[in-house]
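Biologist: Hello! Could you walk me through this protein, one question at a time?

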Amino acid sequence: MIVQETTREENISFLSSRRFGRLACAKDNQPYLVPFHYAVSENHLYGFSMPGQKIDWMRKNAHVCVQVDEFSANREWRSVIVYGVYEEMPDTPQWQRNRSHALSSLQQHANWWEPGDLKPASAPPATAVLPVFFRIRIESLTGRHAFDQA
């Protein structure tokens, strides 16, 4: 098995070819990891969510991490880790262009609202709660690709 570091360009290409990752945030030295759908544009990952724990935590500590991976035949795998900063895009005139860009980027994929719009069935129904659009500004990223030696 050979494991190689991947370049920034390879990592961005890999992220752009996927749409599902795991978003990690932390508060009071406690980590929290959740699945989320994203879209890549320029130096950002765009996402959205209904208000909840991850949004609360990212508002308190904007430093986040995203992991995207792929496993295939013959033990081959790729993994990219993004270190970034959460930036909320409120529904205000100042952020309208960014929100429209995020929505248009996310809508290019089927079921783009999952899992951000889904809550447990036992949760009380939300009344007039607006989704939170956000982006993660990519500060740095690392990637690895593993494959069998031929």
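Modeller: Gladly! Let us begin with a term: a cavity is a set of grid points where a 1.4 Å probe fits but cannot get out. Please keep in mind that we are looking at a predicted model.

Biologist: How many cavities of 30 Å³ or more does the structure hold?

Modeller: Rolling a probe the size of a water molecule over the atoms shows where empty space is left. With 30 Å³ as the lower limit, the number of cavities in this structure is one.

Biologist: Which helix and which strand each supply at least two residues of the lining of the largest cavity?

Modeller: The space in the largest cavity is about 40 Å³. Its lining consists of Thr 6, Glu 10, Asn 11, Phe 14, Arg 78, Ser 79, Val 80 and Arg 144. By class, two of these residues are nonpolar, three are polar and three are charged. The elements that each give at least two lining residues are helix H1 (8–17) and strand S7 (77–88).

Biologist: Now the overall plan. What pattern does the protein follow along the sequence?

Modeller: The protein has three helices and eight strands. Of its 150 residues, 37% are buried. Writing α for a helix and β for a strand, the order along the sequence is β-α-β-β-β-β-α-β-β-α-β.

Biologist: How many bridges join S7 to S8?

Modeller: Let us visit the partners of S8 in turn. Strand S1 (residues 2–5) pairs with S8 in the antiparallel sense over four bridges, and Ile 2 has Phe 147 as its bridge partner there. Strand S5 (residues 44–49) is also antiparallel to S8, with six bridges, and Phe 48 is partnered by Phe 133. For S7, Ile 81 has Thr 142 in S8 as its bridge partner, and the number of bridges joining these antiparallel strands is twelve.

Biologist: Which residue in the hairpin of S2 and S3 takes a positive phi?

Modeller: Strand S2 (residues 20–27) runs antiparallel to S3, joined by eight bridges, and Leu 23 stands opposite Val 34 in S3. Two residues lie between the strands of this hairpin. Most residues other than glycine have a negative phi. The residue with a positive phi, about 50 degrees although it is not a glycine, is Asp 28.

Biologist: Is Asp 28 buried or exposed?

Modeller: Asp 28 sits in the loop between S2 and S3. A residue counts as exposed when its relative accessible area is over 50%. With a value of 70%, Asp 28 is therefore exposed.

Biologist: And Glu 42: where does it lie?

Modeller: Glu 42 is a residue other than glycine with a positive phi, near 55 degrees. Its relative accessible area is 67%, so Glu 42 is exposed. Its place is the loop between S4 and S5.

Biologist: What separation do the C-alpha atoms of Val 40 and Ser 16 have?

Modeller: Val 40 belongs to strand S4 (residues 39–41). Its relative accessibility is 21%, so Val 40 counts as partly exposed. Val 40 and Ser 16 are 24 residues apart along the chain, and the separation of their C-alpha atoms is 5.6 Å.

Biologist: On to the rings! How many aromatic pairs are there?

Modeller: A pair of aromatic rings is described by the distance of the centres and the angle of the planes. Rings of Phe, Tyr and Trp pair if their centres lie within 6.5 Å. By this rule, the number of aromatic pairs is five.

Biologist: Why is the pair of Phe 36 and Tyr 38 tilted?

Modeller: Planes under 30 degrees apart count as stacked, over 60 as edge-to-face and the rest as tilted. The ring centres of Phe 36 and Tyr 38 are 5.8 Å apart, and because their planes stand at 40 degrees, the pair is tilted.

Biologist: How far apart in sequence are the parts tied together by Phe 36 and Phe 134?

Modeller: Their ring centres are 6.3 Å apart with planes at 25 degrees, so Phe 36 and Phe 134 are stacked. Phe 36 is buried at 3% relative accessible area, and Phe 134 is buried at 0%. Since Phe 36 lies in strand S3 (residues 30–37) and Phe 134 in strand S8 (residues 132–147), the parts tied together are apart in sequence by 98 residues.

Biologist: Which residues form one aromatic cluster with Phe 36?

Modeller: We have already met two partners of Phe 36, namely Tyr 38 and Phe 134. The residues that form one cluster with Phe 36 are Tyr 38, Tyr 86 and Phe 134.

Technical notes:
Residues are numbered from 1 along each chain as its sequence is written. This is a predicted model: local features need pLDDT of at least 70, side-chain atom pairs count only at pLDDT 80 or more; totals for chains, interfaces and linings use all residues. Side-chain values use heavy atoms; hydrogens and water are left out. Rings of Phe, Tyr and Trp (its six-membered ring) pair if their centres lie within 6.5 Å; planes under 30 degrees apart count as stacked, over 60 as edge-to-face and the rest as tilted. Buried means under 20% relative accessible area, exposed over 50%, partly exposed in between (1.4 Å probe, protein chains only). On a 1 Å grid over the protein atoms alone, a cavity is a set of points where a 1.4 Å probe fits but cannot get out, and a pocket is an open set with protein on both sides within 12 Å along at least five of seven lines; lining residues have an atom within 4 Å of a point. Grid points are joined across faces, edges and corners, and a volume is the space filled by probe spheres set on the points. Ala, Val, Leu, Ile, Met, Phe, Trp, Tyr, Cys and Pro count as nonpolar, Asp, Glu, Lys and Arg as charged, and the others, Gly among them, as polar. Two strands pair if DSSP finds at least two bridges between them.
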